[in-house]
Amino acid sequence: MNQDLAGKSAVVTGSTSGIGLGIARALAQAGANVMLNGFGDAAAIETLRHEIARSSRGKVLYSNADMAKPDEIAAMVAQAENVFGAVDILVNNAGIQFVAPVDEFPIAKWDAILAINLSSAFHTIRAALPGMKSRGFGRIVNIASAHGLVASPFKSAYIAAKHGVLGLTKTVALETATLDVTCNAICPGYVRTPLVEGQIAEQAKAHGLPRDKVISDIILAAQPNKRFIEVEEVAGIVLFLCGPAARSITGAALPVDGAWTAR
Ligand code: NAD
């Protein structure tokens, strides 16, 4: 995707790893200023920031804001607006997972998943949208999941949060429809990232199965293309949504799931 985003500025939550990192790299390579965010080893994140900056024409910053904390989210958006002059592109990607039957689901895990996977998107949008409205341009992309469209057992908090992200996406799209501001959700199936690697390891332990059996018989059981989706595929769709050809796509939930939700 040869999108030119020079002069645009982006915030990508949860971009020190996995899908968010792939999206941040793609936006930076397309010329945008990028605010990285997420957890991890401080020295490793600084190395990553330098590495992405080298491949970019824009600036690359990092915020360690915790997406469970509304005041830190507001400060992150304000910092990006101050340093870059704007937040034109907002990618809500930070997310965590926890798997347990609903009647055994730890309350603290429910609260954390709802905060990080759903409420953080409300808080970033609330902070960034006034600037987008005043400049008359904005691209908001929420990384939901195939689990925003369909359910699986034992993931009650994650699935409730991701369904909620789609509701938020549609509402924001309606509220911004007359402007050149779009708000869409991407709904990936399984993408091989540290989050999914953790699930493979947990399932292998729980069922006493080898990794390849867990991947074929459990993880990819519901995904008809029988392969993991690549981070770059999701990043490419974010770039497309940021470009002029996508200006009438808003309020959409785009499955990127090898036909999982086509059933
Ligand atoms: P990942 O674990 O590799 O990355 C998650 C990122 O979020 C990391 O940068 C982490 O530091 C950050 N993060 C976690 N808690 C945070 C917090 N409180 N504040 C700030 N940052 C925080 O996961 P991933 O697989 O790349 O997932 C990214 C997003 O994509 C998530 O929203 C996930 O639900 C969604 N998703 C993933 C898959 C998949 O198969 N990997 C499929 C569908 C949707």
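A residue counts as buried when its relative accessible area is under 20%. Keep that cut-off in mind for this tour of a predicted model.

**The whole chain**

Start with everything shown as a cartoon. You should find eight helices and seven strands in the protein. Along the principal axes, the C-alpha atoms fill a box of roughly 55 × 40 × 35 Å. The radius of gyration is 18 Å, which agrees with the value near 18 Å for a compact globule, because the protein has 263 residues. Of those 263 residues, 49% count as buried.

**Stop 1: strand β4**

Select residues 89–92, which form β4, and show the side chains. Which residues sit on each side of this strand? Ile-89 and Val-91 are on one side, Leu-90 and Asn-92 on the other, and all are buried, so both faces are covered by the under-20% rule. The pattern you see here has a general background: in a regular strand, side chains alternate between the two faces of the sheet.

Now add β1, residues 9–12, which pairs with β4 in the parallel sense over three bridges. To see one of these pairings, pick Val-12, whose bridge partner in β4 is Val-91.

**Stop 2: strand β5**

Next, select residues 138–143. This is β5, and six of its six residues are buried. Gly-138, Ile-140 and Asn-142 point one way, while Arg-139, Val-141 and Ile-143 point the other way.

How many bridges join β4 and β5? There are four, and the two strands run in the parallel sense. Val-91 stands opposite Val-141, and Asn-92 stands opposite Asn-142. Val-91 is worth a label, as it faces a partner in β1 and another in β5.

To follow the connection, colour helix α4, residues 107–135: together with β4 and β5 it makes a right-handed β-α-β unit.

**Stop 3: on to strand β6**

Add residues 181–188, strand β6, which pairs with β5 in the parallel sense over six bridges. Here Arg-139 stands opposite Thr-182. The chain gets from β5 to β6 through helix α5, residues 156–175, and this β-α-β crossover is right-handed too.

Before leaving, select Leu-179 in the loop between α5 and β6. Is Leu-179 buried or partly exposed? It counts as partly exposed, because its relative accessibility is 33%. Measure from its C-alpha to that of Lys-133: the two are 46 residues apart in sequence and 7.4 Å apart in space.

**Stop 4: the ligand**

Centre on the ligand and display its surroundings. It has 30 residues around it, the closest being Ser-17, Asn-93, Tyr-158, Val-191 and Thr-193. Three polar distances are good ones to draw:

- Tyr-158: a polar side-chain atom lies 2.5 Å from a ligand oxygen.
- Phe-39: a polar backbone atom is 2.8 Å from an oxygen of the ligand.
- Met-67: a backbone N or O atom lies 2.8 Å from a ligand nitrogen.

On its own, the ligand has 830 Å² of accessible area, and the protein covers 93% of this.

**Last stop: Glu-197**

Finish with helix α6, residues 194–207, and pick out Glu-197 within it. With a relative accessible area of 25%, Glu-197 is partly exposed. Then select Arg-211, 14 residues away along the chain from Glu-197: their C-alpha atoms are separated by 9.7 Å.

Terms used
Residues numbered from 1 in each chain as written. Predicted model: local features only at pLDDT ≥ 70, side-chain atom pairs only at ≥ 80, totals over all residues. Heavy atoms only, no water. Buried < 20%, exposed > 50% of the residue type's maximum accessible area, 1.4 Å probe, protein only. Pairing = 2+ DSSP bridges. Right-handed = clockwise from strand over helix to strand, strands pointing away. Near = heavy atom within 4 Å. Polar contact = N/O pair within 3.5 Å; in protein donor to acceptor, adjacent residues only side chain to side chain. Areas by Shrake-Rupley, 256 points an atom, 1.4 Å probe, with all protein chains shown as cover. Rg over C-alpha atoms; globule rule 2.2 N^0.38 Å.
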